[in-house]
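Could we walk through a structure together, one feature at a time? I would like to learn how to read what is in front of me.

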Amino acid sequence: MSDTPSTVLDADSYHRLYYADTFRFGQGTEHILDLLTQIPPVATWTDLGAGSQSLLWACALTAGRLTAVDVDALRLAHLTTAARAGQPRGVHRVALALAGTNPTTQTFAARCRRLPTTLTADLLTPAPHPPPLCLALGADLITQFGLLGLTTTPPQFIDAFTRLHTHLPPGGWAAGANWVPATRDTRIHLTHALYRHTLHRAGLDLLHLAALPSTDPDFPLVWTYLARRHP
């Protein structure tokens, strides 16, 4: 098992707080959605450390088949249940509207049908990837929202990012965000220099990088990035 820090809340509490009926403006989510709308249509998308939240990010993407990967099978079960129900919650309707999409149940349900696969895997522990995960890591778009912020040292951050993007094809996209906790803990200290160095090591061209203030008292800062492998 990985010795990296875990998320601050259990699956149920986290989902209710951040991804239920109330869209929490000012905490970086609207900026992430806007960033994702800049990615052109892709045929395949893999969300790493997906938890139960991939359907929120799907509101801003024009993507085909989605594979969600997480170490927590319960969070993936929440995601699968929500996708099968196809019923948008308040956060999804707002997200669709922010992305310039009609926030209807039919629109949301169409995005839900793109989730055919979930994979349970510890992505932060270096280990040979099984064939299904290798295939997923070759998607046209790789995203992660909060996963790599759980690393503890620059070498671990660099290794994990590079390893998880090694199969990204030419022209493939990488996007994500990592939240910075208010209290000091063992999580990685993220900087512009570390991100730039890491993306260069991964062979990606950096298109966007920003550290945004957040009104969330537990996570007052969020890093967002967008990159692409040269076609």
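The dialogue below goes from the overall fold to aromatic pairs, salt bridges and a pocket.

Q: Happy to start! What should I know about the model, and how many helices and strands are in the chain?

A: Keep in mind that this is a predicted model. The chain has nine helices and seven strands. Its radius of gyration is 16 Å, close to the 17 Å that the globule rule gives for 231 residues, so the chain is as compact as a globular protein of that length. The C-alpha trace spans about 45 × 40 × 35 Å along the principal axes, and 52% of the 231 residues count as buried.

Q: How do I read aromatic pairs, and how many does the count come to?

A: A pair of aromatic rings is described by two things, the distance of the centres and the angle of the planes. Here the count comes to seven aromatic pairs. Let's take Tyr195 and Trp223: the ring centres are 5.3 Å apart and the planes stand at 35°, so this pair is tilted. The pair links distant parts of the chain, with Tyr195 in helix α9 (residues 192–201) and Trp223 in strand β7, 28 residues apart.

Q: Are Tyr195 and Trp223 buried or exposed?

A: Both are buried. For Tyr195 the relative accessible area is 1%, and since buried means under 20%, the label follows.

Q: Which aromatic pair do Tyr195 and Tyr225 form: stacked, edge-to-face or tilted?

A: Theirs is a tilted pair, at 5.8 Å centre to centre and with 40° between the planes. Once again distant parts of the chain are linked: Tyr195 belongs to helix α9 and Tyr225 to strand β7, 30 residues apart. Tyr225 is buried, with a relative accessible area of 0%. Now widen the view: Phe157, Phe161, Tyr195, Trp223 and Tyr225 form one aromatic cluster.

Q: Let's turn to charges. How many salt bridges does the count come to?

A: The general idea is that side chains of opposite charge can pair when their charged atoms come close. In this model the count comes to two salt bridges. One of them joins the side chains of Asp72 and Arg75, at 3.1 Å from N to O. Asp72 is partly exposed, with a relative accessible area of 24%, whereas Arg75 is buried at 9%.

Q: Where do Arg163 and Asp159 lie?

A: Both are in helix α8 (residues 154–164), four residues apart, which is about one turn of the helix. Arg163 forms a salt bridge with Asp159, and the closest N and O atoms are 3.5 Å apart. Check the accessibility of each partner as well: Arg163 is buried, with a relative accessible area of 14%, while Asp159, at 35%, counts as partly exposed.

Q: My last topic is empty space. What is the volume of the second largest pocket, and which residues lie nearest its centre?

A: Rolling a probe the size of a water molecule over the atoms shows where empty space is left. The second largest pocket has a volume of about 260 Å³. Its lining is made of 13 residues, and those nearest the centre are Val180, Pro181, Arg187, Ile188 and His189. The elements that give two or more residues to this lining are β5 (173–180) and β7 (221–229).

Q: How does the lining of the second largest pocket divide by class?

A: Sorting by class gives eight nonpolar, two polar and three charged residues. As you look at strand β7, recall that Trp223 and Tyr225 are in it too.

Conventions: Residues numbered from 1 in each chain as written. Predicted model: local features only at pLDDT ≥ 70, side-chain atom pairs only at ≥ 80, totals over all residues. Heavy atoms only, no water. 1 Å grid on protein atoms, 1.4 Å probe; cavity = no way out; pocket = protein on both sides within 12 Å on 5 of 7 lines; lining within 4 Å. Points joined across faces, edges and corners; volume = space filled by probe spheres on them. Nonpolar A, V, L, I, M, F, W, Y, C, P; charged D, E, K, R; others polar. Phe/Tyr/Trp six-rings, centres within 6.5 Å; stacked < 30°, edge-to-face > 60°. Buried < 20%, exposed > 50% of the residue type's maximum accessible area, 1.4 Å probe, protein only. Salt bridge = Lys/Arg side-chain N within 4 Å of Asp/Glu carboxyl O. Rg over C-alpha atoms; globule rule 2.2 N^0.38 Å.
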